[in-house]
Amino acid sequence: MKKIKAAGFVCLFAVVLVWAVKSGASASATDELSIGQKIDVEFASYIAENEDMRTRDIDQYFSANGNIQQLAKQMDTDSIYAIGDNIIIANDEIEQYEKFYELQGNSAPEEIAIAYAEKRNALYVAAIMNGFSVTDVEIYDYLDELKDILTTTMSEQEYRELISAFESEDAYWNYQFKVYEVNLPIQKYVATLEHEYKSQHTEITDPIALDQAWGEEFERIKEDLVKQQNYVVAE
């Protein structure tokens, strides 16, 4: 299995936003939680109290064969933020992202949340439509590695603080399982795009410059995918 690394955009809302995964830093020896950890704990608490149905069952919000309007008709119209050609963005999804950016101190959390939701959903569509799926075994293996990282880079107190908002440790990881049903296909798709891009641009010999060039290309890809979805905001 590939070693887990910070995936930036893709993994932002896996709830396991802890600084240990994002930065690779060792946990503090003190019992006091850092600002970043406190944000992660507070966001986990929000998720536990406001678990959205889209995370629970992505198949009800995604259609590869063009019957997305039929799926939308089966939902409460008040629950829908926008409808794309292949996927529906839920209001509680936007609210979830907005809460995270609000905790981060962003000055325009709703605007950033909407942009993030549009891109993440468009990436998921592209991943699935291009054949990037994920098995239950792959998800469990990924979560096992992620749990190992958390429990070895955080103190026992820090780890317990993170999962304390959920009914149990199993409930926390069961939620993560549903999150990574969406995240892992995206990660596979993005990793393939990155590999292809860097293989085609061997003239850029500086690794930092190559990463920057890929980052700019990735932003363009996301913007194009959003346009392809033709999102229509629900009235």
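In the protein, 71% of the contacts with a separation of 6 or more are made by residues 24 or more positions apart. The model examined here is a predicted one, and its secondary structure amounts to 10 helices and three strands, arranged from the N terminus in the order α-α-α-α-β-β-α-α-α-α-α-α-β. Of the 235 residues in the protein, 46% are buried, while the area that the protein exposes comes to about 12300 Å², with 48% of this supplied by carbon and sulfur atoms.

The strands pair around β1. Strand β1 (residues 80-83) runs antiparallel to strand β2 (residues 88-90), to which it is joined by three bridges, and the connection from β1 to β2 is a hairpin of four residues. Within this pairing, I80 has A90 of β2 as its bridge partner. Strand β1 also pairs with strand β3 (residues 232-233), again in the antiparallel sense and over two bridges, with A82 standing opposite V233 of β3.

The largest nonpolar core comprises 67 residues, and the residues with the most contacts inside this core are I88 and Y189. Helix α9 contributes the largest share of the core, namely 13 residues. When its neighbours within four places in sequence are left aside, I88 is in contact with R54, Y61, I68, L71, A72, M75, I80, A82, I83, E93 and N121. Among these contacts are I80, which is the residue bridged to A90 of β2, and A82, which is the residue placed opposite V233 of β3.

Aromatic pairs were searched for throughout the structure, and 12 were found. In one of them, the rings of F43 and F100 have centres 5.3 Å apart and planes at 70°, and because this angle is over 60 degrees the pair is classed as edge-to-face. The two rings belong to distant parts of the chain, since F43 lies in helix α2 (residues 35-49) and F100 in helix α5 (residues 91-103), with their positions 57 residues apart in sequence. Both partners are buried, F43 having a relative accessible area of 0% and F100 one of 3%. A further edge-to-face pair is formed by F62 and Y124, for which the centre-to-centre distance is 5.5 Å and the angle between the planes is 80°. This pair, too, links distant parts of the chain, with F62 in the loop between α3 (53-56) and α4 (68-73) and Y124 in helix α6 (residues 109-129), 62 residues apart. At a relative accessible area of 12%, F62 is buried, and Y124, at 5% relative accessibility, likewise counts as buried. Elsewhere, F166, Y172, W173 and Y175 are linked into a cluster by ring pairs.

The structure also holds 12 salt bridges. One of them joins K198 to E194, with the closest N and O atoms 2.8 Å apart; both residues lie in helix α9 (residues 169-199), where a spacing of four residues corresponds to about one turn of the helix. With a relative accessibility of 21%, K198 counts as partly exposed, because the class of buried residues is confined to values under 20%.

In helix α10, R220 takes part in salt bridges with two acidic side chains, E217 and D224. The side chains of E217 and R220 meet at 2.5 Å, N to O, and since these residues are three positions apart in helix α10 (residues 207-229), about one helical turn separates them. The bridge between R220 and D224 likewise has its closest N and O atoms 2.5 Å apart, and the two residues, both in helix α10, are four residues apart, about one turn of the helix. Both R220 and D224 are partly exposed, with R220 at 39% relative accessibility and D224 at a relative accessible area of 27%. Salt bridges also link K147, E156, R160 and E169 into a network.

Conventions
Residues are numbered from 1 along each chain as its sequence is written. Side-chain values use heavy atoms; hydrogens and water are left out. A salt bridge is a side-chain nitrogen of Lys or Arg within 4 Å of a carboxyl oxygen of Asp or Glu. Buried means under 20% relative accessible area, exposed over 50%, partly exposed in between (1.4 Å probe, protein chains only). Contact means heavy atoms within 4.5 Å. Accessible areas come from the Shrake-Rupley method with a 1.4 Å probe; for residues, only the protein chains shown count as cover. Two strands pair if DSSP finds at least two bridges between them. A nonpolar core is a set of buried Ala, Val, Leu, Ile, Met, Phe, Trp, Tyr and Cys residues joined through side-chain atoms within 4.5 Å. Rings of Phe, Tyr and Trp (its six-membered ring) pair if their centres lie within 6.5 Å; planes under 30 degrees apart count as stacked, over 60 as edge-to-face and the rest as tilted.
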